[in-house]
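Reader: I'd like to go through some labels in this model with you. Could you show it to me first?

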Amino acid sequence: LPQASPALHLCTPGLMYRPQIQQVLRALTIPLERLQIMKVHMMQAMRRGLNRHTHAQASVQMLPTYICSTPDGTEKGDFLVVELCQNQVRTVMVTLFGDGNLSPQMIYKVFDLPEDIMHGEGEALFDFIAQCLSQFLGETSSSSSEGRLPLGFVFPFSCKQKKLDKAELISWSKGFSCSDVEGQDVVQLLQLAINKQELSQVVVVALMNDTVGTMMTCSMEGRPCEIALVAGEPWASPLPGWWVLGAPHRCSPPSLPADRGSNCCFMAEAHLVETAEETSGRMCVNTEWGCFGDDGMLSDIMTPYDESVDNESSNPGLKRFEKLVGSLYLGEIVRHVLIRLAAQKVLFAKSNVAVLKEKGVLKTQQILEIINNEEGTTVVTRVLQALGLAANERDCSRVQQICRAVVSRAATLYAAGLAAVLSYMCQSRDMDQLLVNVGVDGELFHGHTRFKEILQSVIKLLAPECTATLLPSTDGSGRGAAMVTAVAVRLEAQRREVDEVLGPLRLSHADLEHVQSLMRKEMDLGLNKETNPTASVRMLPTYVCATPDGTERGEFLALDLGGTNFRVLVVRVSEDGIRMASEIYVIPTAIMQGTGEQLFDHIMDCIVDFQMKQKLTNHVLSLGFTFSFPCKQVGLDKALLLTWTKGFSASGCVGEDVVQLLREAAQRKNHTRLKVVALVNDTVGTMMSCGYDDPKCEIGLIVG
């Protein structure tokens with residue numbers, strides 16, 4: 001395993017292979033080093049998909065789902081799910097009981113979807129879905145349900161999702177080609193069709209695909225799940241009719257025959273999802289990694305058999321990764337290998353192999369039956385005979401090994417993709433180790449006995465910093481979709497509660513205009529000599545009558561007193577710009593709350609200490625004093641303290657000129673070279689500082 005993918009370690013003991021067989025097995029084996037390179041390329045493609053500037057060109061689209069929470073067990077009530085499948089419409093009624101009860105009661109009904117509707121008008125398709133819903137509700141007790149009935153819409157097609165309940169179809173696939181739907185909001189189209197059926201209680205609240213549902217299903221099991229992997233068609237396909245899960249009847253729920261490809265979703269850091277508006281917490285991102293490799297990144301691991309499958313597909317050159325791992329294509333890869341070996345007379349030497357020319361003759365389910373039969377070749381013989389191929393025991397053993405190699409290669413590629421997601425999550429969360437649960441669904445995971453083992457082994461080699469617990473998921477498109485819907489309803493209710501609390505704090509445009517008018521009125525009162533004493537906006541003059549023009553030069557001292565720390569600076573202004581040196585001094589609480597003389601003597605001691613350190617003792621420097629307390633300024637260098645704030649209460653200062661108090665302290669300290677020329681507060685200082693860089697600056701604003 002450390003040297004290569006597990007494919008080479010699944011050979012039948014004691015069986016010798018001809019060179020042609022060995023060549024096939026080598027081609028289908030991917031060395032560990034190449035898987036590591038693929039992981040790096042996948043992570044790079046993921047980042048491009050998340051980036052708003054490179055998203056459009058990214059091979060991994062990383063589509064936001066607007067699902068920002070997993071279930072917490074409190075979800076309660078009836079929830080309706082409708083799912084559009086390849087040739088069916090499935091309706092589900094899910095009842096959740098809350099209080100941590102994670103065993104919902106579920107009622108299903110599956111309707112066949114006529115093929116002409118799949119290719120007709122879009123309106124006819126959505127009308128048919130709504131009619132199925134109407135019939136389903138009419139035949140259940142829920143038809144008499146009063147009040148709102150939330151609906152989750154499982155729509156397994158590529159969409160540009162703008163909200164949880166708003167998504168525009170990018171393009172049809174899976175045989176659908178309905179007109180007038182691409183580019184339209186499919187949630188709105190379904191809601192309009194539901195309204196036509198007079199189902200006023202049914203409201204579409206969420207749209208998702210089956211991968212997201214898988215993650216939500218596993219999150220229901222009492223353990224949070226933050227990643228989901230779908231490996232092929234979900235296990236077990238539904239038959240038309242009724243299914244019930246939960247008291248009083250129990251049976252295995254049907255699941256959709258949706259996309260037989262591959263996909264992965266995970267909870268990403270919301271601020272990294274640049275294509276979405278959500279910026280806090282986490283959001284589930286649908287990777288849509290099936291197109292990984294369309295830019296040529298996987299060309300070196302493509303075999304001639306993969307190229308043949310691609311050429312015969314409906315979209316040659318596209319969805320390269322999906323064609324290597326998707327259950328729709330694995331049988332086709334095996335078929336082309338058998339065609340090549342039969343032509344070389346290595347297989348079926350005595351049989352007519354014309355049947356192998358028929359596309360789709362080998363199904364993935366048959367491949368899984370072959371490789372799961374560890375004892376003998378009975379199953380291989382039966383499958384080949386059903387195709388009309390005469391095979392001896394050696395042929396059967398070789399076919400069995402080829403099937404194992406194809407499926408094991410798919411498993412290692414799934415593991416490389418999952419390792420990329422795990423490492424990305426670990427890095428984006430700035431963690432050394434990541435412990436995470438991964439919900440997994442699909443016939444390859446459930447139907448291949450060694451698939452889980454291969455996933456875990458390769459992940460351990462490619463992402464050793466991550467520990468992933470793989471949780472089998474069932475019915476992600478039914479239960480999971482109901483959970484998405486239930487979580488959406490819970491979050492909506494929480495938002496309403498928050499809105500009620502925050503409502504009084506919200507200001508309308510009219511409210512702001514009213515405040516603006518009142519503020520302007522108080523400003524006028526503050527500027528008026530007679531009304532100034534009673535005005536709430538004091539409009540204090542600063543005697544600063546000009547802003548800088550950029551020609552100022554020289555060396556200046558600056559003091560900054562506005563809290564428990566006191567800052568002294570020397571500022572040198574020259575043609576080369578502004579250079580500053582500063583030091584911060586602590587003002588002890590005893591001095592803050594002592595006498596005015598003690599406070600200003602301490603300030604002078606700090607100034608003297610700073611000048612000595614800066615070798616400025618013999619310099620006569622002009623000094624500006626930033627004094628961030630309310631003052632009545634009567635000159636640029638004369639200001640009367642109105643009141644102390646910020647914890648200061650030094651006595652003998654209120655009503656006094658603070659510049660004069662500083663000068664008196666200088667005299668007491670025999671500091672005759674101090675020249676105080678200006679006192680300002682921090683707001684004026686802000687305006688003047690910016691004004692030096694831009695003469696147009698005429699307002700200063702302090703926030704906080």
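Author: Below, we talk through some salt bridges, burial labels and contacts. This is a predicted model, where local features need pLDDT of at least 70, side-chain atom pairs count only at pLDDT 80 or more, and totals for chains, interfaces and linings use all residues. Residues are numbered from 1 along each chain as its sequence is written, and side-chain values use heavy atoms, with hydrogens and water left out.

Reader: Happy with that. What makes Asp 127 and Lys 196 a salt bridge?

Author: The term asks for a side-chain nitrogen of Lys or Arg within 4 Å of a carboxyl oxygen of Asp or Glu. The side chains of Asp 127 and Lys 196 meet at 3.0 Å, N to O, so the pair fits the definition. In general, side chains of opposite charge can pair when their charged atoms come close. The structure holds 33 salt bridges.

Reader: Which helices hold Asp 127 and Lys 196?

Author: Asp 127 is in helix α4 (residues 122-138) and Lys 196 in helix α5 (residues 186-196), 69 residues apart. Helices here are DSSP runs of H or I with at least four residues, numbered from the N terminus.

Reader: Why is Asp 127 called buried, and what is Lys 196 called?

Author: Buried means under 20% relative accessible area, exposed over 50%, and partly exposed in between, with a 1.4 Å probe and protein chains only. Asp 127 has 18%, so it counts as buried. Lys 196 has 46%, so it counts as partly exposed.

Reader: How do you know that Asp 306 and Arg 409 tie together separate parts of the chain?

Author: Their side chains meet in a salt bridge at 2.8 Å, N to O. Asp 306 lies in helix α7 (residues 304-312) and Arg 409 in helix α12 (residues 393-428), so the bridge ties together parts that are 103 residues apart in sequence. Both Asp 306 and Arg 409 are buried.

Reader: Where do Arg 335 and Glu 332 lie, and why are they called buried?

Author: Both are in helix α9 (residues 327-343), 3 residues apart, about one turn of the helix. Their salt bridge spans 2.7 Å, N to O. Arg 335 has 1% relative accessibility, so it counts as buried; Glu 332 is buried because its relative accessible area is 6%.

Reader: Last one: what does Tyr 692 touch?

Author: Tyr 692, in helix α20 (residues 682-693), touches residues including Pro 548, Gly 550 and Val 573, not counting residues up to four places away in sequence. Contact means heavy atoms within 4.5 Å. The C-alpha atoms of Tyr 692 and Pro 548 are separated by 5.0 Å, with their positions 144 residues apart along the chain.

Methods:
Helices (H or I, at least four residues) and strands (E, at least two) are DSSP runs, numbered from the N terminus.
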